[in-house]
Amino acid sequence: MAAASTHRASRPPVGVVEALGTAVPPHVVTNDDLAQHLDTNDEWVRTRTGIAERRFADPDTSTGDLAVEAGADALKAAGGDVDTVIVATTTPDRMLPGTAPEVASRLGLGDASAFDVNAACAGFIYALPVASGLVATGTADRVLVIGAEVMSRIVDPDDRSTRVLFGDGAGAVVVRSGHADEPGAVGPFDLGSDGDQTHLLEVPAGGTRQPIDDHAIENRHHFLQMDGREVYRQAVRRMVSSSRAVLAQAGLEVDDVDCLIAHQANARILEAVADRLEIPRDRCVSNVGRYGNTSAASIPLALADASLEPGQQVLLTSFGAGMAWGSSLMTWPDLPTPDPT
Ligand code: ACO
């Protein structure tokens with residue numbers, strides 16, 4: 001017993017997920033709802049994307065509002081406070097400051113450190129190793145990692161090729177320090193980016209490179225622009241190679257993976273990633289049909305839809321604008337039983 005604990009104590013600490021939380025806006029928008037305004041139809045959207053409906057925030061609801069709701073849910077489940085808040089988002093409440101400090105204050109977390117991570121759809125996967133590093137180095141005791149987006153506000157309401165894809169929502173996890181053999185342990189990680197491909201998926205105006213002026217508005221540059229086919233191709237390629245890289249780091253085989261949770265971009269991307277990795281579809285989580293692509297919120301929202309036993313091996317992988325991508329391994333946490341109140 002003493003030998004085992006000595007062995008354990010000598011190994012470096014890692015981040016351990018101990019609770020989950022979610023928030024989605026109540027307003028369900030079906031494909032038929034969108035077809036009332038756009039030249040699209042339910043059959044096209046379902047066939048090309050697998051998306052049947054998504055949630056849109058009402059005009060008074062911001063990314064921070066959803067983040068607070070998901071964060072409160074996770075904190076309640078964890079049964080205690082945190083000393084750091086990371087909000088992964090590409091739809092922040094404002095250009096300056098970050099969304100996280102206000103979220104931390106609204107959650108009653110005093111002077112907790114708080115900052116945003118912007119890696120678009122890969123934001124949550126980038127925030128997870130940051131949180132893990134903070135607890136492993138003793139910089140933080142417990143970190144609340146929230147992926148939150150109001151994508152509906154940056155997508156062109158008149159562009160059928162992007163409007164149908166995205167939805168709004170938030171998901172959160174609480175990360176504490178622990179050991180690699182505990183349920184909920186996260187890592188290793190694989191992260192990457194390719195800034196030569198920025199033009200494939202961007203909101204060109206609104207930052208320092210291009211202000212929002214009449215010219216930008218006329219060209220719809222204040223809304224998301226996307227080369228869908230190329231994004232599709234790269235998303236599959238990068239999520240597969242990054243997944244293989246993280247498995248190799250851990251010395252694991254694909255057969256060791258009990259569950260694949262890939263960024264919920266669309267059903268065809270999810271299927272292509274699973275097929276190329278040779279992971280059976282019944283070991284994959286998919287909720288894209290209900291929520292669409294919620295960007296940085298998609299992985300934690302999918303975590304909340306997974307039903308696993310503590311200790312089972314989960315492979316997380318994501319890809320998004322940047323281009324930026326990443327993968328992580330995680331063993332399924334020993335989650336607290338939800339409090340019905
Ligand atoms: N309804 C009806 N027709 C449409 C719609 C729509 N909503 N959108 C596009 N079309 C039309 C196009 O105008 C085109 O018409 P045309 O042939 O007359 O020109 C036709 O459908 C085919 O368009 P494509 O873009 O070639 O269709 P494709 O089969 O490539 O599917 C899609 C488009 C679904 C966007 C696909 O490329 C895709 O899934 N890409 C990935 C994009 C993505 O997931 N982005 C999310 C952000 S990044 C990430 O999260 C990974």
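This report looks at the ligand site of a predicted model, then at some backbone features.

## Where the ligand sits

The ligand occupies a pocket, the second largest one. Two domains meet the ligand here. Domain 1 covers residues 14-178, and domain 2 covers residues 186-331. Both give residues to the shell around the ligand, so the ligand lies between them.

Much of the ligand's surface is accounted for by the protein. Taken alone, the ligand exposes 1,000 Å². The protein buries 76% of that area.

## The shell around the ligand

There are 24 residues around the ligand. Five of them come nearest: Thr40, Arg48, Arg160, His263 and Asn266. By class, the shell has twelve nonpolar residues, seven polar ones and five charged ones.

Which helices give two or more residues to this shell? They are H3 (42-49), H7 (160-163), H9 (228-250) and H10 (267-277). Helix H9 gives the most, with five residues.

## Polar side chains at the ligand

Some side chains place polar atoms by oxygen atoms of the ligand. Arg48 is one of them: a polar atom of its side chain lies 2.6 Å from a ligand oxygen. Arg48 is also among the residues that come nearest to the ligand.

Asn293 has a polar side-chain atom 2.8 Å from an oxygen atom of the ligand. For Arg229, the distance from an N or O atom in the side chain to a ligand oxygen is 2.9 Å.

## Cis peptide bonds

Now to the backbone. The bond joining Gly187 to Pro188 is a cis peptide bond, and its omega is near -5°. Pro188 belongs to strand E8, which spans residues 186-193.

Another cis peptide bond runs from Gly322 to Met323. Here omega is near -15°. Where does Met323 lie? Its place is in the loop between strand E12 (313-320) and strand E13 (324-331).

## A positive phi angle

Ala120 has a phi near 50°. That is a positive value in a residue other than glycine. Ala120 is found in a loop, with strand E5 (113-117) on one side and helix H6 (123-136) on the other.

## In brief

The ligand lies between domain 1 and domain 2, in the second largest pocket. Side chains with polar atoms at ligand oxygens include those of Arg48, Asn293 and Arg229. Backbone features include the cis bonds before Pro188 and Met323, and the positive phi of Ala120.

Technical notes:
Residues are numbered from 1 along each chain as its sequence is written. This is a predicted model: local features need pLDDT of at least 70, side-chain atom pairs count only at pLDDT 80 or more; totals for chains, interfaces and linings use all residues. Side-chain values use heavy atoms; hydrogens and water are left out. A residue is near a molecule or strand if one of its heavy atoms lies within 4 Å of it. A polar contact is a pair of N or O atoms within 3.5 Å; within protein, one must be able to donate a hydrogen and the other to accept it, and residues adjacent in sequence count only if both atoms are side-chain atoms. Accessible areas come from the Shrake-Rupley method with a 1.4 Å probe; for residues, only the protein chains shown count as cover. On a 1 Å grid over the protein atoms alone, a cavity is a set of points where a 1.4 Å probe fits but cannot get out, and a pocket is an open set with protein on both sides within 12 Å along at least five of seven lines; lining residues have an atom within 4 Å of a point. A molecule sits in a cavity or pocket if more than half of its atoms lie within 2 Å of its grid points. Helices (H or I, at least four residues) and strands (E, at least two) are DSSP runs, numbered from the N terminus. Ala, Val, Leu, Ile, Met, Phe, Trp, Tyr, Cys and Pro count as nonpolar, Asp, Glu, Lys and Arg as charged, and the others, Gly among them, as polar. Domain bounds come from an automatic or database domain assignment.
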